[in-house]
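Visitor: Got a minute to go through this one with me?
Guide: Yes. Let's put it on screen.

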Amino acid sequence: MKKDIIVPLTDTPLTLLSGITFARVPYWFPFYDYKDLKMDLVLPFRRGGGEKRPLLVWVCGGAWMTMERSAHLPWLMNFARSGYVIASVEYRLSNCSHFPSQLEDVKKGIRFLKAHAGEFGIDPEKVIIGGESAGAHLACMAGVTGDRKEFDKGEYLEQSGRVQAVIDYYGPASFTWNPKDTRVKADGEIPDFLRGPSPVNMLLGYDPADDPEKADTAAPLSYISPSAPPFFIAHGTEDVVVSIDNSEALCSVLEMNNVPVEFCAVQGAGHADPRFYQTEMADRIMGFLDGICNRREVTH
């Protein structure tokens, strides 16, 4: 049966651009070969008319030992439908290269996106970076190091690595300050890949206790200043992998430096808890970002 209907244009159709190469990095031992670093993008299906959208760059976690860049794209669609371009970026793992390679890779992704802002319909002055767990550590590091040149390697060096806000989902803030180690008490809740060598030691290439001064150069707490971007922090009160004390300390130092920060202590939540990936959490983050990115000015 034929039906004549009228469909109002209320939503912007979106598209996924998967597997975009944004850098090539030394990879295979002993670095005889290179690896393409990839990113996935979610953006309007048709771009034109000079429209510029704020950009959310997301960094997946996995103890710096494993990661899946597209894992959180379904939840990130909340932001895409609200007017953000989404980029989920890849980085080298700790079995390939030690810190700061991971931070350098994330910053390469930011610079690539700014260099191609016109192509992807991005406003390069409204860039947010976020991540979870190890990815949150890298997102925080990218946020607090801003234009520090020692972490800028590779292409598009004419572009700034500065971002306008950071979303920190239960990330470690320091490797030399850790008042709680609950992994033994709650051993049954620890993923198998965390039961071997210390992920932090693998990331750094040494035990931070052996060189705490050097280890502090890999910690977000070491770089906070009044020029740091605003932070949205969320951490579970029952996290046995990364203690919530990390986020409490980070929030405290941000506040001491008069940096805008919203800290959500999610009651009863563990590490990577499903509570973090509810629409309510996306709405809270977008509410925090409203004043930073003028999200409502974006044409949907």
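**Helix 7 and strand 6**

Guide: This is a predicted model. Start with helix 7, residues 245–256: at 1.5 Å a residue, its 12 residues should span 16 Å, and the end C-alpha atoms are 16 Å apart, so the two values agree.

Visitor: Which residues of helix 7 are buried?
Guide: Asp 245, Asn 246, Ser 247, Ala 249, Leu 250, Cys 251 and Leu 254.

Visitor: And what do the buried residues of helix 7 pack against?
Guide: They pack against helix 4, strand 6, strand 7 and strand 8, the last being residues 261–266.

Visitor: What phi does Asn 258 take, just after helix 7?
Guide: A positive one, about 60°.

Visitor: Switching to strand 6. Are its faces covered or open?
Guide: Both faces are covered. Ala 165, Ile 167 and Tyr 169 lie on one side, with Val 166 and Asp 168 on the other, and all are buried. That is five of five residues in strand 6, which runs from 165 to 169.

Visitor: How many bridges does strand 6 make with strand 5, and in which sense do they pair?
Guide: Five bridges, in the parallel sense; strand 5 covers residues 122–132. Within that pairing, Val 166 in strand 6 is the bridge partner of Ile 129.

Visitor: Where does helix 4 come in?
Guide: Helix 4, residues 134–145, forms a right-handed β-α-β unit with strand 5 and strand 6.

Visitor: And how many bridges join strand 6 to strand 7?
Guide: Four, and the two strands run parallel; strand 7 is residues 231–236. There, Asp 168 stands opposite Ile 233 of strand 7.

Conventions
Residues are numbered from 1 along each chain as its sequence is written. This is a predicted model: local features need pLDDT of at least 70, side-chain atom pairs count only at pLDDT 80 or more; totals for chains, interfaces and linings use all residues. Side-chain values use heavy atoms; hydrogens and water are left out. Buried means under 20% relative accessible area, exposed over 50%, partly exposed in between (1.4 Å probe, protein chains only). Two strands pair if DSSP finds at least two bridges between them. A crossover is right-handed if, with the strands pointing away from the viewer, the path from the first strand over the helix to the second runs clockwise. The expected span of a helix is 1.5 Å times one less than its number of residues. Contact means heavy atoms within 4.5 Å.
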